[in-house]
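Here is a short tour to follow with the model open beside you. We will look at two sheets, a pair of helices and one asparagine.

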Amino acid sequence: MSLPQLSPELLDQHPEILSNHRNLLALPEKIIQFGTGVLLRGLPDYFVNKANQQGIFNGRIVVVKSTSSGGTDAFNQQQSLYSHSIRGIVNGKQVDETVINCAISRTLAASEDWAVILKCAHNPELKIAISNTTEVGIQLADDDIFASPPTSFPGKLTAYLYERFKAFGGSKESGMVIVPTELIVGNGTKLRSIVLEQASRHQLGDAFINWLENDNFFCNSLVDRIVPGKPDAESVALISEKLGFRDDLLIISEVYALWAIEGDAHIRSVLSFAEADSGVVIEPDIDLYRELKLRLLNGTHTLSSGLCFLHGLETVKESMDTPEIAQFVTDLMLNELAPSIPFSVDPQRAQEFGNQVLDRFRNPFIRHQLIDITVQYTAKMKMRNIPTLLQHYKNTDEAPLLFARGFAAFLNFMKPVVHKDDAYYGELNGQPYSIRCDSAPYFDEKWKNSASPIDLAQQVLSDIELWDTDLTLLPGFADAVKENMVDKVEVLTIVPKN
């Protein structure tokens, strides 16, 4: 017998699951969100839903799907309801709970519903914009903001804000609080500069530019919660059986949750959902939160994911269950990355944060797929790890050997063997794997034209355009990377998982 699908009607029949859902579903729209990904649904949307449950924020989210992959069918079928399984260990005690999230009002596809999306700009209560379009999403593009829709996310946002400016005559009250969550340093500052540049390029007028500059607030922010991609079939089946219904939008996350937002009292008043959870931090300076998370959690993920994957492992938890890999990850994080954070951080604070991250990596309930961590691998390596590497060499001339191993694994992972339908695939043990990185064409060309893996390493390391610096000039680093290019399966002495 198949399970019924999650829907408002199902909740009507089973008030024990969620009794106040109809009140939550009737709340007005107050946020527009660019992105449907699990990180947004597992963190910002989680906080909004929690605040609504407590009667604090009392607003819902219009979600804009910008990418062409997939559709909005599952969201439409479930009226954007979804279940969120939160699992982990806190203070030695197991946490395993499921929340029904009612925060999303509707999900619109930019390619099909652009006129409807622009109409949202006319809503006076909708004063917040959130986004997560990956590290490469906040880029200045040769865009047409009058297209339906513009190509880039900043182009879409510029068009949306211009529509709002016109709808309300540029009133001060119509200004918005914009909080990008893309994991780049100064994400709000960068997005603001691109929107202003697009406004200038499209000659939208001084009045609009003044309104952008004075009445809209682009907040730098940092998100920190492990929310893996689509859960595996076994986890879905077990959770569905426990819940008693099927949910095509089910997400799973760890317990830990942090959303640090740079802002003042005005920002705090607009983002009133922050009152519902201490995990939402609104402070004038969030650099410390950003650096710890970016360099230790994300940096370690990036430097270890390719290496672990090439050794036949599938998840972060499996990696931490493999003694040699767990030791590599621990030593890399605590002994090489933590002392080299390019920011003034108390060493004890860095070590404490690092040990906390290691515990999160060991979470028995999270199946964080290594292949998902490698998405946009090159951009992540540059943003998360190269500044740490350069800081390391300000402290010492000794090559960071574990960093070099992880970097070599990255180069080996980025070796396409198949190019089909604009997609690139590597190969491991005779099986293809997807290389989902904008730099895949670059590496395809480099690998084809290199005389050997060592030659490939030399070319890529010395590419100033790729890294904004010549990494071969760092004492001993190129040699250490090349030593690990000889055989990608022997970076560590590990027997691949059967």
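Strand 3 (residues 82-90) and strand 4 are joined by nine bridges and run antiparallel; strands count as paired if DSSP finds at least two bridges between them. Within this pairing, Ile86 sits opposite Glu97 of strand 4. Helices (H or I, at least four residues) and strands (E, at least two) are DSSP runs, numbered from the N terminus.

A word on the source: this is a predicted model, in which local features need pLDDT of at least 70 and side-chain atom pairs count only at pLDDT 80 or more, while totals for chains, interfaces and linings use all residues. Residues are numbered from 1 along each chain as its sequence is written, and side-chain values use heavy atoms, with hydrogens and water left out.

Strands 3 and 4 belong to an open sheet of three strands in the order 4-3-10, with mixed pairing. Strand 4 (93-101) and strand 10 (251-253) are at the edges with a single partner strand each, so one side of each has no neighbour in the sheet. From one strand to the next, the twist averages 15°. Helix 4 (residues 44-53) packs on this sheet and touches strand 3 and strand 4, where contact means heavy atoms within 4.5 Å. Helix 10 (residues 233-243) lies across strand 3, strand 4 and strand 10.

The other open sheet also has three strands, in the order 9-11-12, and its pairing is mixed. Its edge strands, strand 9 (221-224) and strand 12 (280-283), each pair on one side only. Strand 9 runs antiparallel to strand 11 (residues 258-262), joined by four bridges, and Ser221 has Ile261 in strand 11 as its bridge partner.

The table collects the packing angles; they run from 0 to 180 degrees between N-to-C directions, with axes fitted as lines to C-alpha atoms, for helices over the stretch in contact.

| Pair | Angle |
|---|---|
| Helix 4 and strand 4 | about 80° |
| Helix 10 and strand 3 | about 105° |
| Helix 19 and helix 20 | about 135° |

Helix 19 (residues 440-449) and helix 20 (residues 453-461) have their axes 9 Å apart. Among the residues that meet here are Trp447 in helix 19 and Leu456 in helix 20.

Finally, is Asn484 buried or exposed? Asn484 counts as buried because its relative accessibility is 12%, buried meaning under 20% relative accessible area (1.4 Å probe, protein chains only). Asn484 lies in the segment after helix 22 (477-483), and a polar atom of its side chain is 2.9 Å from the backbone oxygen of Ala480.

Definitions and conventions: Buried means under 20% relative accessible area, exposed over 50%, partly exposed in between (1.4 Å probe, protein chains only). A polar contact is a pair of N or O atoms within 3.5 Å; within protein, one must be able to donate a hydrogen and the other to accept it, and residues adjacent in sequence count only if both atoms are side-chain atoms.
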